[in-house]
Structures are given as structure tokens and as C-alpha cells.
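Notebook open, model loaded. I'm jotting down what I look up as I go.

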Amino acid sequence: MVGSIEVDDHRVYSNGRVQNYNGFEEKLDDLRRFLGKGDDDVLRIVSVGAGAWGSVFAALLQDSYGKFRDKVQIRIWRRPGKAVDRATAEHLFEVINSREDVLRRLIRRCAYLKYVEARLGDRTLYADEILKDGFCLNMIETPLCPLKVVTNLQEAVWDADIVVNGLPSTETQEVFEEISKYWKERITMPIIISLAKGIEAELDPAPHIITPTQMINRATGVPIENVLYLGGPNIASEIYNKEYANARICGAEKWRVPLAKFLRQPHFIVWDNSDLVTHEVMGGLKNVYAIGAGMIAALTNESATSKSVYFAHCTSEMIFITHLLAEEPEKLAGPLLADTYVTLLKGRNAWYGQMIAKGELSLDLGDSISGKGTIQGVSAVGAFYQLLSQSSLNVLHPDGKKPVAPVELCPILKMLYKILISR
């Protein structure tokens, strides 16, 4: 089922309807009215987590709506104390000096000298410090706009109207359990937009997946209708550089329609869709198979034939798994297929697969890589393998007609598990 966005001229496309509505202040006013905000009541938006996508998402909002300070406040939370190593500081200095606009901005803000000192090794920079100047530690080569950074989680979220989850799926449960402590006295629950791609497996009372939106609902008690997922065929740095991209916001119609309208920009088209679970499962699966795609690219010297054969097999496994785990899942077509395609082409998971296959990265480094952040496909491999190994989910083998665990019909997933998890 495709979603829709209300439009002035009511043009209809296969993905829904497109809105020709670029007046940001009017869109902000519309959302404020929908949320029941008074004239003197600022709309508070906070992004929790400062990875590449979470930082870009906050920066897009800041660029679009930050000028309306009496109407909206946009902030981002990240943990304090993460030091920037010398090599990264040197590279950051090169990036700054290669961009005249960034250089002038830092000089104007009296912030340039600290980067000179860090380049010389005379001082240590911290990730929250450079984020204020628009540098995401996981995406140094793409300077963002300056951001309002908060390192105290309680301060960041306690009165937020909209919370954006930019955390890895492996951290979502823990952080939102902490957040729930600060929301006990709230009268109205916030809206939460999750950007996380990944799943966790639970085996009791029956084998099932837990998606990030379900983790948030469970951890905070925020009604599931207030928790949405946003994802699509896009690369964070390319979106911020205004390359044309689209995404889907999935969840309850009450919130997804006005939020799609609010988030849409001329170069970033946001559709809305009701199928929350399928999009989250696919968001986790694409990272799994992107690691394999990177390995294939490295081991075959970027053979187009080999990569196309891999694409055919991995999409077959993805369809099989999605139909097994989701009720009435949407077909792997359109944006869902495109999201898989772009992740297999480019992204941290594909890069990780390439580096492992080339021997330039060791599995002993774990799934948190300096300059890249968390490689979410690694934990997703373990979760999907564990879940699909359960005999209670047995399916008939197409050849022998005997019951087998679903993972036996997923040879790529099995091999990725052998390489990445059991080694």
C-alpha cells in the first residue's frame, strides 16, 4: 500500500502524491498547529545520536527551519568525551582549508585556531566540540552547518516534542530506557522518528524479531502510533550535498502525513507509507547483504557480472526472509528495491565487506570502526541467523520436501555468519 502527500495541484505518482510546497515557514506553522503549539510555545526537536545520518538529518532541519528561532529549536545529543585522534585531526584540517566557505565561517566564529593547534598536536579535539562547528566524526569530508549540541541526555529530551533516533539499533534499547526515566512526569508523549536500521532477535516465548521502533515503544511506553521509521535509497553525505534523493516515513497515518510534508525538501522527497515492519526488516537486511556485496566487489575486481549474480541471489533471500517474518509485506520493488541497491553500491557496510575481503581490516576490530561508526550489518547477521535457525520456524525444503530451518535456504546469510560471527 503506497502512501500519499497532500499537494496543491494534486498530481498523482506511483509512489503517492507530490507536494509543490517549498515555503518552510508555512510548513513549520502547519506542523505547529497540528501539534497544538501556542504562539509563544517553541517546537522542540532533538536528534539523539550523532552518526552520519543522524547528524545530516539534524543539519537538514537546521538549514531549513533554524532561522525561525522563535518558533522552533533544533538540537542534537551525543555523548561527551570522545577524543579525535591525531590522524583525523590532520585530515580535518585539510578539509577545512580546502573549503573557502568553511574556512571563512570558522575564522568568523573565532574557531579556526583550535584546528590549527590540533593539527600540530598541541591540543585534543572532541567529537561533541567539532560537531558544534558542523563536523561529524563519522563523515569528516562533508562539513555540515553548525549545530546546537547537547551532551546531557536529560536536558536534551525531557521537553522535546519530536525526538529523532539516530542511534545504531544495537544502542537504541539502552538509551531509550534511560530516556524513559525523564518522561515519567510527561502529560503528552513525544513523536519519535527512528532512522535506525537493524533488528534484534528474541526467542521467547516464540522466535520473533524486535525492530528499533518496537524497542523504543517497549523502553519508553510511548504509543506505537507515535513512533515512526524513516528510511530510503540514500547516502547521508550525498543528501547533504543536495543530490536528489527520496525516503519513506512509515507508521500511523495521523503522524506520517503531516511529518512527510514537514520533512520534504526540493532535493529530498519524502513519501509516506503504512507498512512499518517491512521497511524496518528490509532496512536491517540490506545492511547484511551489503557486507557480502562489498566482499564480492573486492574478490572479483568489481566484476559487473559477479555483482549482478550476487544481487539476484541476495534479493531472493531478502524476499524469502521478509515474507517469513512480516505479515502481508510490501513487494521488494520501487523504493524498497532502490534502498537495497544503493546500500549494496555504496555505504559503510559495503565498504566494510570490501576491507575485510582485501585483508585491510581485521575482524578483531569489532563492528565499531573509527571514522565510520557502527557497522550495523554485523549484528544483524547474527540476529537473523539466530532467528532463522529456530526449528519452530521450519519450512519445507523445495527439493527433499523435508522440514528444515529457514536459514538452510539462505546460503549467503549462512556464509556471512561463518565469516563474521563464527569466523
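**Entry 1: the sheet**

Which residue in β4 does L43 stand opposite? I looked it up, and the partner is V72. Worth keeping in mind while I read on: this is a predicted model.

I then checked the strands around that pair. β3 covers residues 43-48 and β4 covers residues 72-77; the two run parallel, with six bridges joining them. Next I looked at what packs there. Helix α2, residues 52-65, lies on the sheet and touches β3, β4, β6 (162-165), β10 (227-231) and β12. I get about 160° between the direction of α2 and that of β4. A further helix, α12 (residues 276-299), also packs on the sheet, with β10, β11 (245-250) and β12 as the strands touched. For α12 against β10 the angle is about 45°.

I stepped back to trace the whole sheet. It is open, has eight strands and mixed pairing, and I read the order as β5-β4-β3-β6-β7-β10-β11-β12. Why do β5 and β12 each have one side without a neighbour in the sheet? β5 (149-150) and β12 (268-273) are the edge strands and each has a single partner strand, so one side stays unpaired.

**Entry 2: the chain overall**

I counted elements next: the protein chain has 17 helices and 16 strands. Its radius of gyration is 22 Å, close to the 22 Å from the globule rule for 423 residues, so I can call the chain as compact as a globular protein of that length. Along the principal axes, the C-alpha atoms fill a box of roughly 70 × 50 × 45 Å.

**Entry 3: empty space**

How many cavities of 30 Å³ or more are there? I get four. The largest has a volume of about 60 Å³. I listed its lining: Y229, G231, G232, P233, R248, H279, M282, G283, P335, L336 and D339. The elements giving two or more residues to that lining are β10, α12 and α14 (335-345), and I had already noted β10 and α12 in contact in the sheet entry. By class, I count five nonpolar, four polar and two charged residues around this cavity.

I also opened the second largest pocket, which has a volume of about 190 Å³. Its lining has 13 residues, and those nearest the centre are L35, D161, T188, M189 and W255. Sorted by class, the pocket lining gives six nonpolar, two polar and five charged residues.

**Entry 4: backbone oddities**

Which peptide bond did I flag as cis? The one from D204 to P205, with omega near 0°. I placed P205 in the loop between β8 (200-202) and β9 (208-210).

Last check: K242 is not a glycine, yet I find a positive phi of about 65° there. K242 sits in the loop between α10 (236-240) and β11.

Conventions: Residues numbered from 1 in each chain as written. Predicted model: local features only at pLDDT ≥ 70, side-chain atom pairs only at ≥ 80, totals over all residues. Heavy atoms only, no water. Pairing = 2+ DSSP bridges. Helix = DSSP H or I, 4+ residues; strand = E, 2+ residues; numbered from the N terminus. Contact = heavy atoms within 4.5 Å. Axes fitted to C-alpha atoms, helices over the stretch in contact; angles between N-to-C directions. 1 Å grid on protein atoms, 1.4 Å probe; cavity = no way out; pocket = protein on both sides within 12 Å on 5 of 7 lines; lining within 4 Å. Points joined across faces, edges and corners; volume = space filled by probe spheres on them. Nonpolar A, V, L, I, M, F, W, Y, C, P; charged D, E, K, R; others polar. Rg over C-alpha atoms; globule rule 2.2 N^0.38 Å.
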